Protein chains: 2
Amino acid sequence: MTLSTITLSKAEEDYLKSIFRLQQETGQVNTNAVAQDLKTKPASVTDMLKKLKAKKLLNYEPYQEFKLSAEGKKTALGIVRRHRLWEYFLVEKLGMGWDEVHDIAEHLEHVSNQRLIEKLDAYLGYPETDPHGDPIPDAQGRMKVQPRISLDDLPPNTGATVCSVGNQSSGMLEMLSHLNIRIGTRLEVKRRFEFDGSAEIKIRNKPLFVISRVMAQNLFVTYDQ
Amino acid sequence: MTLSTITLSKAEEDYLKSIFRLQQETGQVNTNAVAQDLKTKPASVTDMLKKLKAKKLLNYEPYQEFKLSAEGKKTALGIVRRHRLWEYFLVEKLGMGWDEVHDIAEHLEHVSNQRLIEKLDAYLGYPETDPHGDPIPDAQGRMKVQPRISLDDLPPNTGATVCSVGNQSSGMLEMLSHLNIRIGTRLEVKRRFEFDGSAEIKIRNKPLFVISRVMAQNLFVTYDQ
DNA sequence: GTTATTTTTTAGCTTTGTCTAAAATATTTT
DNA sequence: AAAATATTTTAGACAAAGCTAAAAAATAAC
């Protein structure tokens, strides 16, 4: 077990986090994807890839796709943990809105004091997911990955529970609150319209209503039971 | 009223804070003092002085002592405000110790989101002082400066209340807690020993006890009434 | 009122992280 | 399989913030 706790710069942490997220979707990651994600240039990414490789956080060979080493993944999970704990704090304790907490957490996540994060976690009551429904890794870097599916892919007449939202903009927040949908809401798709992919949704004790395909694509659910 | 909200680097903020603190003691500040305070070299300080002058945060002319401009002072007070609010949070909400919160707040203070700080302030109940008894500037940058005196300078048999502590080390914390002294404790000096400057202290309903001169120099009080 | 000492600044170099432009390598197309 | 296209890397520059060593200015000492 490597408790080396080497200090990483903000930039290094941002790259780790980006690569981690991208590789969760696609297994392997390439230079361009990272550059796009971090709004920087491929040349800058290459430089950083070499640094991360030198620090044994990344498995990388020139001109090939890459992924984090075990050590790098663990470090990235630590950053994700800090980010999501702070988001939880900002929403649940300070009463801030979904749309504004991400950018702030983006800064707070780089304050990496072990004791602080443990105390914060305890103070928050060891939450399992952040306000958007994304799982919070525990102190050992273990993260529950519940199998989730986009509402756009949910078969009709199948009970499901909203577990997370993809788009975290204020527009999305506003709309969800208007529709009375939040993390944990149980619903099912009653029918789907060929024309534009809209879905008709049923929530218990509520009248039927329709949401757009874009909306459905950004709502993730788990099957009930 | 300048609401320009130019973004400052961590380094710039650290310099502002240092100069602010130093000038509170001596009115004007010189290059060496800042270098010593920030554990850096005078040449580096000179570079930064020029940057701060260019940003109109500092009144500075080569080879002369300097001080913050009105704008610079206001900015510095904002940083102090953030630092002390976070310290309050860490101690009062997360239950951390005096000795460990300063370094953490040193990082958190650089997360400068207006809304965040207002929400945090409200959440904490608009505290007036941090855990060490130092006043917290309000949102307008106003800071109460109560006239305080070192316990070493307090005349004997004069009622006084502990309002802040100079040294914030864990040793100091441990000792204060052992002696049952905290911010707000009322006491008086019964006598002072010529030999080593020790002072004999009386707290109501407690037996007399002696503290060292070093201790007394790091305890600040306000006169009662 | 020179000389000596201290303080401050300048000049030039280093590191981190970014960029642009050009070269090298991969991949696709035909 | 050769040409065209896309991706990635290298090379060289730049800005921020630091450093060392040397020069300049201010202060102190005689």
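Reader: Hi! How many residues does each chain put into the contact between chain A and chain B?
Author: Welcome! Chain A gives 15 residues to the contact and chain B gives 15 residues. Keep in mind that this is a predicted model.

Reader: Thanks. Which elements of chain A give two or more residues to the side that touches chain B?
Author: Those are α5 (98-108) and α6 (114-124) of chain A. The most comes from α6(A), with five residues.

Reader: And what classes of residue are on that side of chain A?
Author: Eight are nonpolar, three are polar and four are charged.

Reader: Let's switch to the DNA. Which residues come nearest to DNA strand C?
Author: There are 20 residues around DNA strand C, and the nearest are Ser9(A), Ala43(A), Asn30(B), Asn32(B) and Ala43(B). Elements giving two or more residues to this surface are α1 (10-26) and α3 of chain A, plus α2 (31-37) and α3 of chain B.

Reader: Nice, which element gives the most there?
Author: That would be α3(A), with five residues. By class, the surface near DNA strand C has nine nonpolar, seven polar and four charged residues.

Reader: What about DNA strand D, which residues come nearest?
Author: Out of 20 residues around DNA strand D, Asn30(A), Asn32(A), Ala43(A), Ser9(B) and Ala43(B) come nearest. Here, chain A contributes two or more residues from each of α2 (31-37) and α3 (42-54), and chain B does so from α1 (10-26) and α3 (42-54).

Reader: Which element has the largest share near DNA strand D?
Author: It's α3(B), with five residues. The surface near DNA strand D holds nine nonpolar, seven polar and four charged residues.

Technical notes
Residues are numbered from 1 along each chain as its sequence is written. Chains are lettered from A and ligands numbered from 1 in the order in which they are written. This is a predicted model: local features need pLDDT of at least 70, side-chain atom pairs count only at pLDDT 80 or more; totals for chains, interfaces and linings use all residues. A residue is near a molecule or strand if its C-beta atom, placed from the backbone, lies within 6 Å of it. Helices (H or I, at least four residues) and strands (E, at least two) are DSSP runs, numbered from the N terminus. Ala, Val, Leu, Ile, Met, Phe, Trp, Tyr, Cys and Pro count as nonpolar, Asp, Glu, Lys and Arg as charged, and the others, Gly among them, as polar. Two residues are in contact if their C-beta atoms, placed from the backbone, lie within 7 Å.
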